[in-house]
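Q: I should like to learn how charged side chains are read in a structure. Could the discussion begin with a single residue and widen from there?

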Amino acid sequence: MKEITAEIKKEIEDMILDYYAEECEIDRDEITMDADPQEDLGGDSLMFVELIEMASEKYDIDVKLQSVGKYMLKAPLNTMQDVVDVFCKIYQYGNDIVNL
């Protein structure tokens, strides 16, 4: 397990919010942490997959979509805070996220 610092968590949050703002063509300042990524922002599951690939490259994380998918069955992503939280867990646990 990797340790996650406040700095890394902030980087992850910024990466996610910047990505959603660009892809959904909305101002980043309009995105709240309780916004639903699909209903409120117009995002889709392919965006989440692309974010996983971006994070994997940026932070040298070895994680399979299958592992993340199994984890998400237990912890669905209903808010942007959920998205940030799961990416922090992906950073920390990689494929072991499925065991949480």
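A: Certainly; the model shown is a predicted one. Buried means under 20% relative accessible area and exposed means over 50%, so E23, at 39%, counts as partly exposed. This residue lies in helix α1.

Q: Which residues gather with E23 in a patch of negative charge on the surface?

A: The patch consists of E22, E23, E25, D44, E50, E53 and E57. Helices α1 (6–24) and α2 (45–59) each supply at least two of its residues.

Q: Which helix gives the most to the negative patch?

A: Helix α2 does, with three residues.

Q: How should one approach charges that are paired, and how many salt bridges does a search of the whole structure find?

A: Side chains of opposite charge can pair when their charged atoms come close. In this model the search finds three salt bridges. In one of them, D14 pairs with K10, with 3.1 Å between the closest N and O atoms. Both residues belong to helix α1 and are four residues apart, about one turn of the helix. K10 counts as partly exposed because its relative accessibility is 43%.

Q: Where does R28 lie, and which distant part of the chain does its pair with D14 link?

A: The side chains of D14 and R28 meet in a salt bridge at 2.7 Å, N to O. This pair links helix α1, which holds D14, to the loop between α1 and α2, which holds R28, across 14 residues.

Q: With which other residue does R28 form a salt bridge?

A: R28 also bridges to D18, the closest N and O atoms being 2.7 Å apart. Through shared partners, the salt bridges join K10, D14, D18 and R28 into one network.

Conventions: Residues numbered from 1 in each chain as written. Predicted model: local features only at pLDDT ≥ 70, side-chain atom pairs only at ≥ 80, totals over all residues. Heavy atoms only, no water. Patch = residues over 30% accessible without salt bridge, like charges linked within 9 Å, V, L, I, M, F, W, Y side chains within 5 Å. Areas by Shrake-Rupley, 256 points an atom, 1.4 Å probe, with all protein chains shown as cover. Salt bridge = Lys/Arg side-chain N within 4 Å of Asp/Glu carboxyl O. Lys, Arg positive; Asp, Glu negative; His and termini not counted. Charge placed at Lys NZ, Arg CZ, Asp CG, Glu CD. Buried < 20%, exposed > 50% of the residue type's maximum accessible area, 1.4 Å probe, protein only.
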